[in-house]
Amino acid sequence: MALLKTSNERKEVLKLLQDNDKLVDKLKEICYNTIRELEFPSEDIYDSPNWSQKMADTIGYRRALKELLNLLSLTEGEH
């Protein structure tokens with residue numbers, strides 16, 4: 001993963017995630033639910049002259065949430 005360049009960084013993050021599993025689960029739930037809500041933006045977004053910028057922002061926000069979900073999921077399968 002590009003954000004964790006060394007094995008030591010990965011080990012540190014894995015330890016933090018494993019030690020805080022309830023918090024990690026809650027953050028994953030929040031990210032997942034927000035991503036789901038953003039999948040189908042309301043139609044009134046098209047009433048704005050800046051609708052394309054708003055859509056681009058929404059897409060970027062979803063991409064960032066997915067990256068966060070990936071980071072939070074590092075511990076899956078490592079127990």
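**Helices, core and salt bridges of a predicted model**

Aspartate 19 is partly exposed, with a relative accessible area of 48%. The model described here is predicted. Aspartate 19 takes part in a salt bridge with lysine 15. The N to O distance between these side chains is 2.9 Å. Both residues belong to helix α1, which spans residues 7-19. They are 4 residues apart, so about one helical turn separates them. Lysine 15 has a relative accessible area of 47% and is therefore partly exposed.

A salt bridge is also found in helix α2. Here glutamate 29 pairs with lysine 26. The closest N and O atoms of this pair lie 3.6 Å apart. The two residues are 3 residues apart in helix α2, so the separation is again about one helical turn. Glutamate 29 has a relative accessibility of 40% and counts as partly exposed. Lysine 26 is likewise partly exposed, at 43%. The count of salt bridges in the protein comes to 2.

The overall fold is made of helices. The protein has 3 helices and 0 strands. Along the sequence the pattern reads α-α-α. Of the 79 residues in the protein, 22% are buried. The accessible surface comes to about 6,200 Å². Carbon and sulfur atoms account for 53% of that surface. Contacts between distant parts of the sequence were also examined. Among contacts with a separation of 6 or more, 76% join residues 24 or more positions apart.

The largest nonpolar core holds 6 residues. Its members are Leu4, Leu14, Leu17, Val24, Leu72 and Leu74. Valine 24, one of these members, is placed in helix α2. Its relative accessible area is 7%, under the 20% cut-off, so valine 24 is buried. With residues up to four places away in sequence left out, valine 24 touches Leu17 and Leu72. Those two residues also belong to the core. The surroundings of valine 24 include a part of the chain far along the sequence: leucine 69 is 45 residues away. The C-alpha atoms of valine 24 and leucine 69 are nevertheless separated by 9.4 Å.

Leucine 72 was examined in the same way. Its neighbours within four places in sequence are again set aside. Leucine 72 is then in contact with Leu17, Val24, Leu27 and Lys28. Leu17 and Val24 are core members. Leu27 instead appears in a nonpolar patch on the surface. Leucine 72 therefore contacts Leu27 of this patch as well as the core residues Leu17 and Val24.

The surface patch is formed by Leu23, Leu27 and Ile30. Together these residues have about 260 Å² of accessible area. Isoleucine 30 lies in helix α2, which covers residues 21-38. Its relative accessibility is 44%, so isoleucine 30 counts as partly exposed. Helix α2 thus holds both isoleucine 30 and the buried valine 24.

Confidence was considered last. The mean pLDDT of the protein is 86. A value of 70 or more is reached by 90% of its residues. Among the elements, helix α2 has the highest mean pLDDT, at 94. Helix α1 has the lowest, at 87. Where pLDDT is low, predicted coordinates should not be read in detail.

Terms used:
Residues numbered from 1 in each chain as written. Predicted model: local features only at pLDDT ≥ 70, side-chain atom pairs only at ≥ 80, totals over all residues. Heavy atoms only, no water. Core = buried A, V, L, I, M, F, W, Y, C linked by side-chain atoms within 4.5 Å. Buried < 20%, exposed > 50% of the residue type's maximum accessible area, 1.4 Å probe, protein only. Contact = heavy atoms within 4.5 Å. Patch = residues over 30% accessible without salt bridge, like charges linked within 9 Å, V, L, I, M, F, W, Y side chains within 5 Å. Areas by Shrake-Rupley, 256 points an atom, 1.4 Å probe, with all protein chains shown as cover. Salt bridge = Lys/Arg side-chain N within 4 Å of Asp/Glu carboxyl O. pLDDT = per-residue confidence, 0-100.
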